[in-house]
Amino acid sequence: AKPAAAAAPPPPRELGPPDTVASGRPIFLALGDSLTEFGQHVCDPTWDKKAPFATDVLQRQGMDIAIPEHGPGWLTLLQRDYSWRTSADVLNRGYSGCNSRLLRASLSEILGSINRQDVFAITLSLGSNDHVSASPGGVPKEEFKENMAAVLSSLQEAMPSAKIILITPGRINKEKWAKHVSSVTNGRLDGAGRGETLTGVVTQGSSGSNSALKQYVALACEAGEAAGLGTAGVNPVKGPRGAVLNLNYMMQYQLANYHEAEHPDGYHFSAKLNRFVYKSVRDTLEGMKLSPVQMPMHRPAPIAEFQSTASKYGPSDDDGRLRRRV
């Protein structure tokens with residue numbers, strides 16, 4: 001049976017003018033779906049089997065399908081670097097099941113909670129849910145293209161000085177995802193069956209083939225290039241407003257032993273893939289002169305003054321505790 005059409009989200013509200021005074025700590029803002037949300041995972045089950053998993057708590061609250069942590073996540077690693085260097089805060093605004101339509105409608109509410117002038121860099125990752133045509137979360141290609149252009153335009157208008165790193169979806173192992181869905185639901189749901197939905201999960205495997213996904217990857221790259229973020233692929237070129245990371249291409253051609261490092265459920269990031277995404281984003285930020293060790297420390301004045309004058313504790317370390325550990 002064909003799934004019932006999802007209710008259309010409310011139209012996006014207009015964003016107000018950008019904030020004029022940067023009064024807080026610099027902000028790295030991450031926007032996207034579960035590949036961003038789960039970027040905050042911490043535990044790695046391969047070395048810490050007794051660690052408390054967030055999903056244990058979520059399951060007790062009625063979460064049907066457990067998504068085990070395979071961290072440390074790419075955003076957790078970035079947050080570590082910026083916190084260690086005391087140079088910026090990382091804000092994770094990734095939402096499981098989010099698509100371009102929902103993010104476009106929610107953008108003003110998301111940005112309304114932060115001082116936009118403090119945002120110096122943004123990652124935007126969408127398309128992994130949009131391309132699943134059998135799901136209520138699926139978005140037609142033409143609308144996806146329009147939504148991506150609108151989201152990028154709104155971000156650039158609201159935060160004109162921030163650099164945007166557009167990250168395309170990666171690769172999906174259709175068979176592995178279908179097997180995972182069947183396993184975690186004790187066979188109640190068929191991951192390969194079209195039309196059955198569990199917040200967009202079941203149909204992720206049924207219609208989420210790499211060939212279909214690649215069309216959305218290409219549209220995301222086109223939107224990024226049109227917004228001045230540069231080009232991605234064999235010879236990527238950064239643009240004046242940011243960069244495009246074609247994760248689908250990078251995972252296929254630049255990640256050694258890709259199939260050994262595949263998503264644990266065929267879709268989300270494994271620990272190795274999290275490290276790969278982290279390094280790719282970190283290297284891109286370095287090219288923009290925005291990496292943790294390239295940005296000035298941001299400390300309250302009394303602490304900064306003490307650390308710069310307390311010579312009896314050793315020389316000031318204003319240029320790189322982190323650098324010596326990388």
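Let's start with the cysteines: the disulfide count for this structure comes to zero, taking a disulfide as a pair of cysteine sulfur atoms within 2.5 Å. Keep in mind that this is a predicted model. Two cysteines are worth a look anyway. C98 has a relative accessible area of 6% and is buried. C221 sits at 14% relative accessibility, and that counts as buried too, because the cut-off for buried is under 20%.

Now for the sheet. Five strands make up an open sheet, and reading across it you meet β2, β1, β3, β4 and β7, in that order, with parallel pairing. The edges belong to β2 (89–94) and β7 (242–245); each has a single partner strand, so one side of each has no neighbour in the sheet. On average, neighbouring strands here are turned by 15° against each other, ignoring direction.

Zoom in on one pairing within that sheet. Strand β3, residues 119–125, runs parallel to strand β4, residues 163–167, and four bridges join them. If you want a spot to find this pairing on screen, try L124: its bridge partner in β4 is L166.

Then come the helices that go with these strands. Helix α4, covering residues 100–111, packs on the sheet and touches β1, β2 and β3. The direction of α4 makes about 155° with that of β1. Helix α3, residues 74–84, lies across β1 (27–32), β2, β3 and β4. Relative to β2, α3 runs at about 160°. So which strands should you check for both helices? β1, β2 and β3 are touched by α4, and β1, β2 and β3 are also among the strands that α3 lies across.

Conventions
Residues numbered from 1 in each chain as written. Predicted model: local features only at pLDDT ≥ 70, side-chain atom pairs only at ≥ 80, totals over all residues. Heavy atoms only, no water. Pairing = 2+ DSSP bridges. Helix = DSSP H or I, 4+ residues; strand = E, 2+ residues; numbered from the N terminus. Axes fitted to C-alpha atoms, helices over the stretch in contact; angles between N-to-C directions. Contact = heavy atoms within 4.5 Å. Buried < 20%, exposed > 50% of the residue type's maximum accessible area, 1.4 Å probe, protein only.
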